[in-house]
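Q: I have a sequence and a set of coordinates in front of me, and I would like to learn how to read them step by step. Could we go through the features one at a time?

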Amino acid sequence: MQEATFLILTALAADSQHGYGILADVSQISGGRVRLRPGTLYTALDRLRGDGLIMVDREEIVEGRLRRYYRLTGEGGERLAAEAARLQANAHAALSRLNPAGGMAT
Amino acid sequence: MNDREGLERGYRRLLACYPREFRRENGEELLGVLLSSAAGGQRRVGLAEAADLIRGALRARLRLPRQCPPTVRAAVRLMYAGAVLEFGILVTVILTESSVRSAILARYPGLTAAQWHAVVLAHLVPDEIGAPVVAGVWLWMAWANGRGRYWGRVVFAAIFGLSTLSMLSALSEGAVTFAPADLLAGAAIWVVHATAVLLIFSRPSARFFRPNPNARFFRVAGSPQ
């Protein structure tokens, strides 16, 4: 799973969000390291909807413009949990080899 | 026209690069997010924004439908490879032009200058003009077959038949003696083409290519009109 996909799914893990909210949240989750642009975000959202990992939660009209809220599907939640577990296992393996005694590597 | 209207027009122009379905589903929403993300007082679409939208449009256009089987996905990748190889042929022809000229001279020593010029043109020009056109056809075929167009599969197989006949004809005329590099490139393309044909006509691909019942061209005799 690409990092952008992982971050988008993570942004939707707790609650539904609209596009602009996802952009801001992805930046916050990654500590400002990943800043998605709208074109990249909507290409990813369209693909993730097609793959059944996210779905539209509700729609609103704000200042005459459509605002759509997205949320994870059951399959999306499972995929995100599996990817998070994989990353956690990798990180654990790396840290335990860097510092076999149990302390944190610096 | 105020700044915001000009900016919106710029975004709309770029959004026109996306496929129609994508625009219908996401266009207005994406436009709203673009305008919300724009810096205050921004009058024009930035270079990075434009590049992002063009890249997104390209991805949306190249994306294959979810139901596209792996065999067709592989065939589409080969079709893209075919387009790349065609450009390779163009480069090969340009680079080997002098060796082709000398080979023709060695093979037909009795030719007059005008005749020699005509033979050289007959061997080089079709490749130099044809290669970019054929590369375009490969891309067109990748688009059609990746979307399960029944006619795309038929046309691709027909082109394969014609290119095989053309290659056999060139071999029988002794083209191999002119430039072995050209022959190698031609053979590589033929193998790519043959493999892609086998993939799109394989059993797992069959369900993806359903004839359009409204297309008169593919109606069989006795079927409902």
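Q: Among contacts in chain A between residues at least 6 apart in sequence, what percentage join residues at least 24 apart?

A: Please keep in mind from the outset that this is a predicted model. In chain A, 39% of the contacts between residues at least 6 apart in sequence join residues at least 24 apart. For chain B, the contacts with a separation of 6 or more can be read in this way too, and residues 24 or more positions apart account for 79% of them.

Q: Which helices and strands does each chain have, and in what order do they come?

A: Begin by counting the elements and then read them along the sequence. Chain A has four helices and three strands, and its pattern along the sequence is α-β-α-α-β-β-α. Chain B, by contrast, has nine helices and zero strands, so that reading from its N terminus gives α-α-α-α-α-α-α-α-α.

Q: How much of each chain counts as buried?

A: Buried residues make up 27% of the 106 residues in chain A, while 26% of the 225 residues of chain B count as buried.

Q: How do I read the pairing of the strands in chain A, and which strands are joined by bridges?

A: For each pair of strands, look for the bridges and for the direction in which the strands run. In chain A, β1(A) and β3(A) run antiparallel and are joined by two bridges, one partnership being that of H18(A) with Y69(A) in β3(A). The strands β2(A) and β3(A) also run antiparallel, with eight bridges between them, and here E60(A), a residue of strand β2, stands opposite R67(A) in β3(A). As a general idea to carry along, the side chains in a regular strand alternate between the two faces of the sheet.

Q: How far apart are E60(A) and H18(A), in sequence and in space?

A: They are 42 residues apart in sequence, yet from C-alpha to C-alpha the distance between them is 9.8 Å.

Q: Is E60(A) buried or exposed, and why?

A: The answer comes from counting neighbours, and a residue with 12 or fewer other C-beta atoms within 10 Å is called exposed. E60(A) is exposed because 10 other C-beta atoms lie within 10 Å.

Q: What value does phi of E63(A) take, and where is this residue found?

A: Phi of E63(A) is near 50°, which is a positive value in a residue other than glycine. E63(A) is found in the loop between β2 (54–62) and β3 (65–72) of chain A, and the hairpin formed by these strands has two residues between them. E63(A) is exposed, since 8 other C-beta atoms lie within 10 Å.

Q: Which residues of helix α1 of chain A are buried, and what covers them?

A: The buried residues of α1(A), which spans residues 3–11, are L7(A), I8(A), L9(A) and A11(A). What covers them includes β1, α2, α3, β3 and α4 of chain A.

Q: Which residues touch the most other members of the largest nonpolar core?

A: That core has 31 residues, and those touching the most other members are I8(A), L12(A), V26(A), L41(A), L45(A) and I54(A). The elements that give two or more residues to this core are α1, α2, α3 and β3 of chain A together with α1, α2 and α3 of chain B. The most comes from α3(A), with five residues. Apart from this core lies another, of 24 residues, among them A131(B), W138(B), A142(B) and I189(B).

Q: How many residues does each chain bring to the contact between the chains?

A: Chain B brings 20 residues and chain A brings 17 residues. On the side of chain B that touches chain A, the largest share, eleven residues, comes from α2(B). The residues of that side divide into six nonpolar, five polar and nine charged.

Q: How do α3(A) and α2(B) cross?

A: Two packed helices are described by the angle between their axes and the distance between the axes. Here the axes of α3(A) and α2(B) come within 10 Å and cross at roughly 145°, and the crossing is right-handed. From α3(A), the residues P38(A), Y42(A) and D46(A) meet residues of α2(B) that include F22(B), L30(B) and V33(B). The residues of this contact divide into six nonpolar, two polar and two charged.

Definitions and conventions:
Residues are numbered from 1 along each chain as its sequence is written. Chains are lettered from A and ligands numbered from 1 in the order in which they are written. This is a predicted model: local features need pLDDT of at least 70, side-chain atom pairs count only at pLDDT 80 or more; totals for chains, interfaces and linings use all residues. Two residues are in contact if their C-beta atoms, placed from the backbone, lie within 7 Å. Ala, Val, Leu, Ile, Met, Phe, Trp, Tyr, Cys and Pro count as nonpolar, Asp, Glu, Lys and Arg as charged, and the others, Gly among them, as polar. A residue is buried if 20 or more other C-beta atoms lie within 10 Å of its own, exposed if 12 or fewer, and partly exposed in between; C-beta atoms are placed from the backbone. Axes are lines fitted to C-alpha atoms, for helices over the stretch in contact, and angles run from 0 to 180 degrees between N-to-C directions. A crossing is left-handed if the near helix is turned anticlockwise from the far one by less than a right angle, and right-handed if clockwise. Two strands pair if DSSP finds at least two bridges between them. A nonpolar core is a set of buried Ala, Val, Leu, Ile, Met, Phe, Trp, Tyr and Cys residues joined through C-beta atoms within 7 Å.
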